[in-house]
There are 2 protein chains.
Amino acid sequence: MTKPPVTIRDVARLAGVSVGTVSKALNGYGQLREQTRDAVRNAAERLGFRPNDLAQSLLRKRSFTVGLISTDSYGRFSIPVLEGIESALEPTRLSVFLCRADDPVRERRHVDSLLAKRVDGIIVTGRRTDRRSPVDLGGASVPVVYAFAQVADPRALCLLPDDRGGARLAVDHLIGLGRRRIAHVTGPVDFEAVRKRRQGFRDALAAAGLRGRAGHVLTGAWSEAFGREAAQYLAGLRPAIDAIFCGSDQIARGVIDSLRETGVRVPDDVAVVGFDNWDVIAAATRPPITTVDMNLHELGRQAGLRLLDMIDGPRPSGVECLPCRLVVRQSCGAATGASADILPEHHDGAYAA
Amino acid sequence: MTKPPVTIRDVARLAGVSVGTVSKALNGYGQLREQTRDAVRNAAERLGFRPNDLAQSLLRKRSFTVGLISTDSYGRFSIPVLEGIESALEPTRLSVFLCRADDPVRERRHVDSLLAKRVDGIIVTGRRTDRRSPVDLGGASVPVVYAFAQVADPRALCLLPDDRGGARLAVDHLIGLGRRRIAHVTGPVDFEAVRKRRQGFRDALAAAGLRGRAGHVLTGAWSEAFGREAAQYLAGLRPAIDAIFCGSDQIARGVIDSLRETGVRVPDDVAVVGFDNWDVIAAATRPPITTVDMNLHELGRQAGLRLLDMIDGPRPSGVECLPCRLVVRQSCGAATGASADILPEHHDGAYAA
DNA sequence: ATCGCAACGGAAAACGTTTTCCGTATAGGT
DNA sequence: ACCTATACGGAAAACGTTTTCCGTTGCGAT
């Protein structure tokens, strides 16, 4: 029922030449008459010949494959990274093996399996609350890049978004718009990202000569509900605050919804900036959220490119922070009409049966 | 710099036996003294030997690998399917090659590449607006399963969520709660899912002897904004409607937000049911949305299992619809307190500096 | 002692390529 | 006619396994 795939031998037979000649003809090698080459190409074409990558890789000692280990279940963060990696690998002939490894033992198994498949490199992605332990290569000398994941091992190469710089970007923007009493509502402090963003927040205040108030930094869950709760608290403060920098777009949405329903105008009374640029949230909020984009696609792309370099080149190490970018929508009060940075929620209200 | 991986020959040398013996010892084959077996295992252990899967696959004519082609960029639909597939493959020693193929030419390239790697099977996933053309295997006889994707080829096996049944579930539920004047707000009609869900909506009304009104089915964008717009329109209708079945959770959220702000109570005045169970939306809405879950994880798992069967078994074909499931939260007015089906948004409002 | 039979483990083929090396024509020069 | 250089294409090794087949060895039974 399942007929065997056509091999180079079949092509050779049909073309009336030896297998070596087929290989040369198809790969543009050696000294062959154009006529022979054509005959072979023809035979290959007619048979629908695909060289067996397995055999090729075995010989070449390269699989033209990279492994991708994603800790944390694929979520809104992993995906852009994934896409970025693919976009870097796409122009090469490399393909990617995907593994999800929620726990260390599964990760171990997957790494083993990748090694057994002789992958040319491994990218580890997926941020946990804190730095992870390095993958155990068991003596194999395969390049590894950590993307959106930080590892203790100083010999590893890690690519991370510049959370601190991103926060700085956001708060500088608010300050530039004349806001002076700025609060920060963010996630659980056991996330390193939370601590870094808070640092960026403080950097910006300090740089502008503003004094941060202890009661102006609120940490809680990464949820709209917490955003609403925090907004209620902040709205009661006197003297009133005039801006809120949120640690995530979900929080920002909760904050904005709550303020609006309390009668506080956003951005007029209080400007709000979020983090993540999760556009399902950010663009659907009223007003749409100005937010920090971590450029995760680009981060993934860089990870792919770096790995490519490392496959047959030097193996750099260290932690690299890639810059974030501010996406200006309307919740900060800066956008006037249709700026290029405004990404409106797609909408065409066609009614029909 | 990159030292060559340890081969079975190295192990044989260290253990003082032949390569064949190593293979037998490690795979529990043949007749060997326990002592020999141990010696080999020891040597392998000490060297950190990993059999080269490439060589193995070449010989076995099986790569223990399946290809996964995801049309449409990985989104909230692809991911649960992906995870489901992985959960089915996880207990086997199969790994998955991931390819994203936005356009036909890329898809072509990826399929070629997968075939060259002699994958044992291919799963195609990712719903477009309508049925896609089958992947071109170019004569190879590799089993293919379409998951969350429908193809014209009648010899193909397609797994789809039962959109029509899911809609029926939702509307039956509303009717069971005593609602009689039910509207339907949904996405663009060029989606087959939209047409199927609308059919389910009508089925349910008809089964209950209710008359559907033309003006009660509104189609537009898959957006909160459209939901709000539609809600405004429906709220003005007299006699008043008492329930809305929405084609997506995003639409439902827009509907609910808009109703609440207009002073219409949900679920008391108007009950709302959504579709997708996208919990970032559904659980964060006030009140949390009762919604239809397409069981995409299970669908992916089934796809994986079916492919496993097809790899060395018969190759069934046809379209199979897997049942949806209603997740009851509060927007329909059925939930009383903490039902097992209520999935509250995680939230712990701890304040801190 | 001789035979037979297990038990053990080695040798070699096979998988499908690539690539090096070599043999044979053919052509060109004297 | 002979030598040589070149063009062409075949033979075979190599990649790292698995598995079949066969040769030894040692043992117990006659």
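In which sense do strand 6 and strand 7 of chain B pair, and over how many bridges? They run parallel, with three bridges joining strand 6 (residues 182–186) of chain B to strand 7 of chain B. One residue pair to look for there is H184(B), whose bridge partner in strand 7 of chain B is V217(B). Keep in mind as you browse that this is a predicted model.

**The six-stranded sheet of chain B**

That strand pair belongs to an open sheet of six strands in chain B, ordered 7-6-8-9-10-12, with mixed pairing. Strand 7 (217–219) and strand 12 (325–327) of chain B sit at the edges; each has a single partner strand, so one side of each is left without a neighbour in the sheet. On average, neighbouring strands here are turned by 20° against each other, ignoring direction.

**The sheet that spans both chains**

Now for a sheet built from chain A and chain B together. Twelve strands make up this open sheet, and its order is 11(A)-5(A)-4(A)-3(A)-1(A)-2(A)-2(B)-1(B)-3(B)-4(B)-5(B)-11(B), again with mixed pairing. At its edges you find strand 11 (318–322) of chain A and strand 11 (318–322) of chain B, each pairing on one side only. The average turn between neighbouring strands, direction ignored, is 25° in this sheet.

Zooming in on the chain A half, strand 4 (residues 144–147) and strand 5 (residues 157–161) of chain A run parallel and are joined by three bridges. V145(A) stands opposite L157(A) of strand 5 there. Helix 6 (residues 104–116) of chain B packs on the sheet and touches strands from both chains: strand 2 (95–100) of chain A, plus strand 1 (65–70), strand 2 (95–100) and strand 3 (121–125) of chain B. The direction of helix 6 makes about 160° with that of strand 2 of chain B.

**How chain A is divided**

Chain A splits into domain 1 (8–51), domain 2 (62–161 + 297–322) and domain 3 (163–293). Taken over C-alpha atoms, the centres of domain 2 and domain 3 of chain A are 32 Å apart. Their contact takes nine residues from domain 2 of chain A and eleven residues from domain 3 of chain A.

**Around the DNA**

Which residues come nearest to DNA strand D? Out of 26 residues around DNA strand D, the nearest are T21(A), K24(A), R33(A), I8(B) and S23(B). Of the atoms of DNA strand D that come within 4 Å of the protein, 64% are sugar and phosphate. For DNA strand C, there are also 26 residues around it, and I8(A), S23(A), T21(B), K24(B) and T36(B) come nearest. Sugar or phosphate makes up 63% of the atoms of DNA strand C within 4 Å of the protein, and the rest belong to bases.

Some phosphate contacts to check in your viewer:

| Protein group | Partner | Distance |
|---|---|---|
| S23(B), side-chain N or O | phosphate oxygen, DNA strand D | 2.7 Å |
| N27(B), polar side-chain atom | phosphate oxygen, DNA strand D | 3.4 Å |
| Q56(B), polar side-chain atom | phosphate oxygen, DNA strand D | 3.2 Å |
| I8(A), polar backbone atom | phosphate oxygen, DNA strand C | 2.6 Å |
| N27(A), side-chain N or O | phosphate oxygen, DNA strand C | 3.4 Å |
| S18(B), backbone N or O | phosphate oxygen, DNA strand C | 2.8 Å |

As for who builds these surfaces, the elements giving two or more residues near DNA strand D are helix 2 (19–27) and helix 4 (53–60) of chain A, along with helix 1 (8–15), helix 2 (19–27) and helix 4 (53–60) of chain B. Helix 2 of chain B gives the most near DNA strand D, at four residues. Near DNA strand C, at least two residues each come from helix 1 (8–15), helix 2 and helix 4 of chain A and from helix 2 and helix 4 of chain B. There, helix 2 of chain A holds the largest share, four residues.

By class, the surface near DNA strand D has ten nonpolar, ten polar and six charged residues. The surface near DNA strand C counts ten nonpolar, ten polar and six charged residues.

**Backbone oddities**

A few spots deserve a look if you care about torsions. The peptide bond from R238(A) to P239(A) is cis, with omega near 0°, and P239(A) sits in the loop between helix 9 (224–235) and strand 8 (243–246) of chain A. In chain B, the bond from R238(B) to P239(B) is cis, with omega near 0°; P239(B) lies in the loop between helix 9 (224–235) and strand 8 (243–246) of chain B. Finally, K61(B) has a positive phi of about 60° although it is not a glycine, and its place is in the loop between helix 4 and strand 1 of chain B.

Key: Residues are numbered from 1 along each chain as its sequence is written. Chains are lettered from A and ligands numbered from 1 in the order in which they are written. This is a predicted model: local features need pLDDT of at least 70, side-chain atom pairs count only at pLDDT 80 or more; totals for chains, interfaces and linings use all residues. Side-chain values use heavy atoms; hydrogens and water are left out. A residue is near a molecule or strand if one of its heavy atoms lies within 4 Å of it. A polar contact is a pair of N or O atoms within 3.5 Å; within protein, one must be able to donate a hydrogen and the other to accept it, and residues adjacent in sequence count only if both atoms are side-chain atoms. Ala, Val, Leu, Ile, Met, Phe, Trp, Tyr, Cys and Pro count as nonpolar, Asp, Glu, Lys and Arg as charged, and the others, Gly among them, as polar. Two strands pair if DSSP finds at least two bridges between them. Axes are lines fitted to C-alpha atoms, for helices over the stretch in contact, and angles run from 0 to 180 degrees between N-to-C directions. Domain bounds come from an automatic or database domain assignment. Contact means heavy atoms within 4.5 Å.
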